[in-house]
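Student: I would like a close look at a single part of this protein. Please take me through it step by step.

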Amino acid sequence: FRAAARAAARAAERNGDPYIRILVVGAATGANDIAALKNDVLPVMRAHTSIPIHFLFADLPSNDFTALLAEAEDLDDGDRTWATAKVGYASEPIIGPAASVHLVMCISMLHWQQSPPRSAMLRREISYVTLPPSPKQEMRVAADAELERFFVARMKELCPGGQIVAVFDGESADREHQFARTYYLLEEGLKSMINDELLPEQFLTHYFIPTVSYSADRIEAVLERTGGLVAEATFLDVPCQYQLAWEQDRDHTKHGKAVAGATLAYARHNLLKSMAECNVPEEAREKLLETLRLKMAIFAAGAPTTFHTAGITAFLQVAKPAEPIPSRLSRFGAVALVSFLAGAAAAAVVLSRRPG
């Protein structure tokens, strides 16, 4: 964030712009983004320039914009900052004037798909990671097309030298994204509920987590087509705090309860929505969620090395070149992709997940 903030501030000064515009895409209620803006972006920008800063937060029509703008009050810097919000879709244009944005931020958003293939959602699997190869590839193709539209729109909105910072679900050939193993746990729990006739058979065709993780080579291919230059790309293997604790104390029950609780925390909202779609009586829904939690706790306790939250989170900083890039030069250039960084640095990464 700090390197991107520094580059964006310099771009605004170099261009002689009267203010710095920061576009936050998929802001939700702002918890992740505003913390990064306040702690990392603002201090760096203020160290380089006193130009006023405009924060523009964009999200879907269903977003709680009142809560978002209340959270944005933490960014108040007198008459040198102001915040606005609007409805905006990630894969579509958000800002009318071209080349008027200096920094774009999107945290835990790019992996959410606006229009996932319907055929993949009508199966008994509940997510991209649990799908078999053919429908999984179909989702990849659709996700890459959405990602390309995102970068096409942002490159038009960015000024020369402007920056994009994105944090999202990453993957490699042998490692899935952070929290992916909880999707397997949730699917096993739901299928057990159906087998016990606690949920209707059609429930799995009503519940699907529409996320797709990205690999480094797929991101590079998209950027080659859209004009983005990678300043930094890190694929961080974030460990599971519950699994690390289990490795020390071997308390299977504690591990199971913790992983089940974390899983239900992000899945609760859409599970209730799917129950309503399947005509599950409203008075029974909370009790069913508790039964599901208990089942998942048992499954996770029995397999701590299988069910956990560890996995890859990708951190990407992309610049709009101030000058055209020679077509034969890879946009990843000399940037070294860090495959996996584990340990204490990874343990410090804390991201909240939007409801699945």
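Student: How many bridges join strand β6 to β7, and do the two run parallel or antiparallel?

Tutor: Keep in mind that this is a predicted model. Strands β6 (residues 229-238) and β7 are joined by 9 bridges. The two run antiparallel. One pair to find on screen is Thr234 and its bridge partner in β7, Phe315.

Now look at another partner of β7. Strand β5 (residues 158-169) also pairs with β7, over 7 bridges. This pairing is antiparallel too. Here Ile164 stands opposite Val318 of β7.

How enclosed is β7 itself? The strand covers residues 311-319. Of its 9 residues, 8 are buried, so β7 is largely enclosed by the rest of the structure.

Next, follow the contacts outward. Phe151 touches Val318, and it also touches Ile164, the residue opposite Val318. Leu316 is touched by Phe151 as well. Leaving out residues up to four places away in sequence, the other contacts of Phe151 are Val222, Leu223 and Thr226.

Phe151 leads us to the core. The largest nonpolar core holds 73 residues. Phe151, Leu186, Leu190 and Leu271 have the most contacts inside it. A second core is separate and has 29 residues, among them Ala36, Leu37, Ile53 and Met105. In soluble globular proteins, nonpolar side chains tend to be buried together.

Two of those well-connected residues, Leu186 and Leu190, are among the buried residues of helix α6. The buried set also includes Ala180, Tyr183, Met193 and Ile194. Some of its other members are Thr182, Glu187 and Ser192. What do the buried residues of α6 pack against? They pack against α9 (252-277) and α10 (282-302).

Check the length of α6 as well. The helix has 16 residues, 180-195. At 1.5 Å a residue, α6 should span 22 Å. Its end C-alpha atoms are 23 Å apart, which agrees. Just after α6 comes Glu197, with a positive phi of about 60 degrees.

Last, the cysteines. The count of disulfides is 0. Cys106 is in no disulfide, and the nearest cysteine sulfur, that of Cys159, is 16 Å away. Cys106 has a relative accessible area of 0%, so it is buried. Cys278 counts as buried because its relative accessibility is 7%, and the cut-off is under 20%.

Key: Residues numbered from 1 in each chain as written. Predicted model: local features only at pLDDT ≥ 70, side-chain atom pairs only at ≥ 80, totals over all residues. Heavy atoms only, no water. Helix = DSSP H or I, 4+ residues; strand = E, 2+ residues; numbered from the N terminus. Expected span 1.5 Å × (residues − 1). Buried < 20%, exposed > 50% of the residue type's maximum accessible area, 1.4 Å probe, protein only. Contact = heavy atoms within 4.5 Å. Core = buried A, V, L, I, M, F, W, Y, C linked by side-chain atoms within 4.5 Å. Disulfide = S-S within 2.5 Å. Pairing = 2+ DSSP bridges.
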